[in-house]
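Me: I would like to go through the labels given to this structure one at a time, and to ask in each case what stands behind the label.

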Amino acid sequence: EGFGLLQSLTYVDFARDSLSYLPDSFCELSSLEFVRLTKNELESLPERFGDLGSLMELYLDGNRLSELPESFAGLQSLTVLDLYDNQIVAFPTCLNELEGITYLDVTENPFFAECSIDVAQALSG
């Protein structure tokens, strides 16, 4: 719960740690640039996740996420986002605002809605 005390932390790797949730204090790590949460049991992210404005690479593959918080639009430094193998059923509209994304993996999610035209155009170049 005391993540907020680690203000200088830039790199976090909690891959395969059976995490089922992230405490709200995780969102106070304002210097984070790299986060790997691969193959955990996360079903949701804290609402304030978008406060991680320095984040450049985020790996959430192999979890149980069904949606992303709207605050995700605040991750303007993000260039890499891996959402492979989650439970996302609709393309997250908050991703439309992340213009710096150079790598996005959303495969192996049970999509029922199609990408918006803005996202499709952005991904094609």
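Reply: We can begin with a pair of facing residues in this predicted model: Asp82 stands opposite Asp105, the latter in strand E5.

Me: What makes strand E4 and strand E5 a pair?

Reply: Two strands count as paired if at least two bridges are found between them; strand E4, residues 80-82, is joined to E5 by three bridges, so the criterion is met, and the two strands run parallel.

Me: Which order do the strands of the sheet take, and why are E1 and E5 called edge strands?

Reply: The sheet is open and has five strands in the order E1-E2-E3-E4-E5, with parallel pairing. Strand E1 (11-13) and strand E5 (103-105) each have a single partner strand, so one side of each is left without a neighbour in the sheet, and this places both at the edges. From one strand to the next, the twist averages 5°.

Me: Why is Tyr59 called buried?

Reply: The label requires a relative accessible area under 20%; Tyr59, which is found in strand E3, has a value of 14%, and therefore counts as buried. Leaving aside residues up to four places away in sequence, Tyr59 touches Phe34, Val35, Arg36, Leu37, Thr38, Val80 and Asp82.

Me: How do you know that the side chains of Tyr59 and Glu57 make a polar contact?

Reply: The cut-off for such a pair of N or O atoms is 3.5 Å, with one atom able to donate a hydrogen and the other to accept it; the contact between the side chains of Tyr59 and Glu57 is listed at 2.7 Å, which is within that limit.

Me: Where does Thr38 lie, and why does Thr38 count as buried?

Reply: Thr38 lies in the loop between strand E2 (34-36) and strand E3 (57-59). With a relative accessible area of 9%, set against the limit of under 20%, Thr38 is therefore buried. The side chain of Thr38 is also joined to that of Asp61 by a polar contact of 2.8 Å, and the residues that Thr38 touches, not counting those up to four places away in sequence, include Phe14, Ala15, Arg16 and Tyr59.

Me: How many disulfides does the structure hold, and what makes Cys27 and Cys94 buried?

Reply: The structure holds zero disulfides, which means that no pair of cysteine sulfur atoms comes within 2.5 Å. Cys27 has 3% relative accessibility and Cys94 has 2%; both values are under 20%, so both residues count as buried.

How values were computed
Residues are numbered from 1 along each chain as its sequence is written. This is a predicted model: local features need pLDDT of at least 70, side-chain atom pairs count only at pLDDT 80 or more; totals for chains, interfaces and linings use all residues. Side-chain values use heavy atoms; hydrogens and water are left out. Buried means under 20% relative accessible area, exposed over 50%, partly exposed in between (1.4 Å probe, protein chains only). Helices (H or I, at least four residues) and strands (E, at least two) are DSSP runs, numbered from the N terminus. Axes are lines fitted to C-alpha atoms, for helices over the stretch in contact, and angles run from 0 to 180 degrees between N-to-C directions. Contact means heavy atoms within 4.5 Å.
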